Amino acid sequence: MKIDGTGKPLGTTGTSATRSTNGSSSTSATSATTAPGAQVDISGTSSRLRELESTIANVPVVDSARVEEIKQAIADGRFKVNADRVADSLIESVRQMLSARPAT
């Protein structure tokens, strides 16, 4: 017997409920015992999530324009590294990783 997410049985498989009184198979009895939870219903939210997933999949991971801007700044000698900002970001990143670690 299969159980859906609600904990209620979905229906019977090959039991006396699918047989007529004389022991032969009955198609109408099988149809009548099909559980209502056996149907799939896709909601509007689910459809919207799929649309968003496909949109996100098409967004580039790297901002090519920004990369070119930085490359040009490096080539021109205009790019300056802010060591304090890099250090602060690194420390914050480590803090987040440590707080996300499961306790041992």
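The legends below describe close-up views of salt bridges in a predicted model.

**View 1. Salt bridges across the structure as a whole.** Four salt bridges are found when the whole structure is searched, among them the pairs shown in the views that follow. Side chains of opposite charge can pair when their charged atoms come close.

**View 2. Arg48 and Glu51 joined by a salt bridge in helix H2.** The side chains of this pair, Arg48 and Glu51, meet with an N to O distance of 3.2 Å. Both residues belong to helix H2, which spans residues 44-57, and because they are three residues apart there, about one helical turn separates Arg48 from Glu51. Arg48 is partly exposed, its relative accessible area being 46%, and Glu51 is likewise partly exposed, at 43% relative accessibility.

**View 3. Arg66 and Glu69 joined by a salt bridge in helix H3.** In this pair the closest N and O atoms of Arg66 and Glu69 lie 2.9 Å apart. Helix H3 covers residues 64-76, and because Arg66 and Glu69 are three residues apart within helix H3, they are separated by about one helical turn. Arg66 has a relative accessible area of 43% and is partly exposed, while Glu69, with a relative accessible area of 49%, is also partly exposed.

**View 4. Lys71 and Glu68 joined by a salt bridge in helix H3.** The closest N and O atoms of Lys71 and Glu68 are 3.7 Å apart, a distance that counts as a salt bridge because the cut-off is within 4 Å. Lys71 and Glu68 are both located in helix H3, with a spacing of three residues, or about one turn of the helix. Glu68 is partly exposed, with 47% relative accessible area.

Note on methods
Residues are numbered from 1 along each chain as its sequence is written. This is a predicted model: local features need pLDDT of at least 70, side-chain atom pairs count only at pLDDT 80 or more; totals for chains, interfaces and linings use all residues. Side-chain values use heavy atoms; hydrogens and water are left out. Helices (H or I, at least four residues) and strands (E, at least two) are DSSP runs, numbered from the N terminus. Buried means under 20% relative accessible area, exposed over 50%, partly exposed in between (1.4 Å probe, protein chains only).
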